[in-house]
Amino acid sequence: MKRGGETNDYVNKMVPGVRVEKVVGFAPKRTFYAPRYDKPTPEEKARPDYRATLFWAPRIQTDATGKATVSFYTSDAKTSLHMVLDGATVSGRPGHAEATMKVE
């Protein structure tokens, strides 16, 4: 339905039998930010990188043997990283793996 005037004005109007809610915790799809260290900016050189989530890729595809390769930059913290991989096959079968990697 098209309406003139202010956009999203329909959200503020009460309609009998319709309940409009903003769901807490839901966020629309967006690109995961990851710094590019191959060409660091002066700002990135000055601040250490202590991000908790280092890599997020919702669409990794495996090859015919079921393998895929990913790479990412680690945090500047000397710590152990807990990596979690969750996925599904084309037929819908779930997959899960966890690993730990030490950053020195």
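Which pattern does the protein follow when you read along the sequence? Colour by secondary structure and you'll see α-β-β. That comes down to one helix and two strands. Keep in mind as you click around that this is a predicted model.

**Stop 1: the whole chain**

Start with everything selected and a surface switched on. The protein exposes about 10,300 Å², and carbon and sulfur atoms supply 56% of that area. Now colour by burial: of the 104 residues, buried ones make up 8%. If you like contact maps, take the contacts between residues at least 6 apart in sequence; 27% of them join residues at least 24 apart.

**Stop 2: the hairpin**

Select 80–88 for β1 and 94–102 for β2. The two strands run antiparallel, with nine bridges joining them. Together they make a hairpin that has five residues between the strands. Click on Gly 92 in that turn and check its backbone: phi is positive there, at about 95 degrees.

Next, pick out a couple of rungs. Asp 86 has His 96 in β2 as its bridge partner. Leu 85 stands opposite Ala 97, also in β2. While you have sticks on, here is a handy rule: side chains in a regular strand alternate between the two faces of the sheet.

Then go to Thr 89, which sits in the loop between β1 and β2. Is Thr 89 buried, exposed or partly exposed? Its relative accessible area is 41%, so Thr 89 is partly exposed. Draw a distance from its C-alpha to that of Thr 62 and you should get 9.7 Å, for a pair 27 residues apart in sequence.

**Stop 3: Lys 102**

Follow strand β2 to Lys 102. With a relative accessible area of 61%, Lys 102 is exposed, because the cut-off for that class is over 50%. Which residues is Lys 102 in contact with, leaving aside its neighbours within four places in sequence? Select Thr 79 and Ser 80 to see them. For a backbone check, go from Lys 102 to Leu 81: their C-alpha atoms are separated by 6.2 Å, though the two are 21 residues apart along the chain.

**Stop 4: Asp 49**

Now jump to the loop between α1 (42–46) and β1, where you'll find Asp 49. Why does Asp 49 count as buried? Its relative accessibility is 7%, and buried means under 20%. To see what is around it, leave aside the neighbours within four places in sequence and show the contacts of Asp 49: Pro 35, Tyr 37, Thr 74, Ser 75, Asp 76 and Ala 77.

**Stop 5: the largest pocket**

Time to look at the empty space. Rolling a probe the size of a water molecule over the atoms shows where such space is left. The largest pocket holds about 1,200 Å³. To centre your view, select Ala 57, Ile 60, Val 84, Leu 85 and Asp 86, which lie nearest the middle of this pocket among its 31 lining residues. Two elements give two or more residues to that lining, β1 and β2, and β1 supplies the largest share, with eight. Leu 85 and Asp 86 are thus back in view, and you met both as hairpin partners earlier. Colour the lining by class and you get 19 nonpolar, eight polar and four charged residues.

**Stop 6: the second largest pocket**

For the last stop, the second largest pocket has a volume of about 190 Å³. Its lining has 13 residues, and the ones to select for the centre are Ala 34, Pro 35, Phe 55, Ser 71 and Phe 72. Pro 35 is one you have already selected, as a contact of Asp 49. By class, this lining splits into nine nonpolar, one polar and three charged residues.

Key. Residues are numbered from 1 along each chain as its sequence is written. This is a predicted model: local features need pLDDT of at least 70, side-chain atom pairs count only at pLDDT 80 or more; totals for chains, interfaces and linings use all residues. Side-chain values use heavy atoms; hydrogens and water are left out. On a 1 Å grid over the protein atoms alone, a cavity is a set of points where a 1.4 Å probe fits but cannot get out, and a pocket is an open set with protein on both sides within 12 Å along at least five of seven lines; lining residues have an atom within 4 Å of a point. Grid points are joined across faces, edges and corners, and a volume is the space filled by probe spheres set on the points. Helices (H or I, at least four residues) and strands (E, at least two) are DSSP runs, numbered from the N terminus. Ala, Val, Leu, Ile, Met, Phe, Trp, Tyr, Cys and Pro count as nonpolar, Asp, Glu, Lys and Arg as charged, and the others, Gly among them, as polar. Two strands pair if DSSP finds at least two bridges between them. Buried means under 20% relative accessible area, exposed over 50%, partly exposed in between (1.4 Å probe, protein chains only). Contact means heavy atoms within 4.5 Å. Accessible areas come from the Shrake-Rupley method with a 1.4 Å probe; for residues, only the protein chains shown count as cover.
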